[in-house]
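Thank you for letting me take a few minutes of the meeting. I would like to walk through one model with you slowly, and I will begin as soon as it is on the screen.

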Amino acid sequence: FSVQHGAASKDQGEKWQSTRKLASTIFTKRNFQDLMRNAFIAKAHVLIEVLGQGGEKVDMQQKFFAFTMDSIMDIFFGRTVETLRDTHDEYAAAYDTAHRSLIEYAWG
């Protein structure tokens with residue numbers, strides 16, 4: 001499993017450079033301080049609330065995945081998702097399936 005980018009790729013890195021340029025406009029200091037920071041703080045409050053309910057064992061890997069999914073859906077798509085509260089989300093489930101399949105393909 002290998003992906004070539006940069007000068008070694010067929011397009012001499014044009015696609016990678018274009019994608020990198022687009023990503024650099026998203027991950028700016030101002031965006032992080034404003035939009036991303038607020039989203040992460042809001043989701044951290046939800047995580048604390050969920051963990052504060054206590055009484056049961058918690059799968060922290062699943063909660064961290066849900067924290068990440070909820071935050072990214074808010075930041076990138078402006079969509080409120082509540083997988084931290086165990087609310088089913090079709091996109092999150094599809095992403096999880098795709099991610100697990102990729103891991104199994106690459107390292108399975």
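The residues that line the largest pocket fall into three classes, with four nonpolar, four polar and six charged, and I should say straight away that we are looking at a predicted model. That lining is made up of 14 residues, and if you want to find the middle of the pocket, look for Val50, Gln53, Val58, Lys63 and Asp86, which lie nearest its centre. As for volume, the largest pocket comes to about 250 Å³. Two helices, H2, which covers residues 29-52, and H3, which covers 60-77, each supply at least two residues of this lining.

Since H2 and H3 both turn up there, let us see how they pack against each other. Their axes are 9 Å apart, and the angle between them is about 145°, while the crossing of H2 past H3 is right-handed. On the H2 side, the residues in contact include Leu35, Phe40, Leu47 and Val50, and on the H3 side they include Met60, Lys63, Phe64 and Phe67. Sorted by class, the residues of this contact are twelve nonpolar, one polar and four charged. You may have noticed that Val50 and Lys63 belong to this contact, and that both were also named among the residues nearest the centre of the largest pocket.

Now, which residues line the second largest pocket? They are Gln61, Gln62, Phe65, Tyr95, Asp96, His99 and Arg100, and the elements giving two or more residues to that lining are H3 and helix H4, which spans 90-107. Of the elements involved, H4 gives the most, with four residues. By class, this lining holds two nonpolar, three polar and two charged residues, and the volume of the pocket is about 180 Å³.

That brings us to the way H3 and H4 meet, where the axes come within 11 Å of each other and cross at roughly 120°. Because of that angle, H3 counts as oblique to H4, and H3 passes H4 in a right-handed crossing. From H3, the residues in contact are Phe65, Met69 and Met73, and from H4 they are Tyr91, Ala92, Tyr95 and Asp96. In this contact six residues are nonpolar, none is polar and one is charged. Finally, please keep an eye on Phe65, Tyr95 and Asp96, which take part in the contact between the two helices and also appear in the lining of the second largest pocket.

Conventions
Residues numbered from 1 in each chain as written. Predicted model: local features only at pLDDT ≥ 70, side-chain atom pairs only at ≥ 80, totals over all residues. Heavy atoms only, no water. 1 Å grid on protein atoms, 1.4 Å probe; cavity = no way out; pocket = protein on both sides within 12 Å on 5 of 7 lines; lining within 4 Å. Points joined across faces, edges and corners; volume = space filled by probe spheres on them. Nonpolar A, V, L, I, M, F, W, Y, C, P; charged D, E, K, R; others polar. Axes fitted to C-alpha atoms, helices over the stretch in contact; angles between N-to-C directions. Parallel < 35°, antiparallel > 145°, perpendicular 65-115°, else oblique. Left-handed = near helix turned anticlockwise from the far one by under 90°. Contact = heavy atoms within 4.5 Å.
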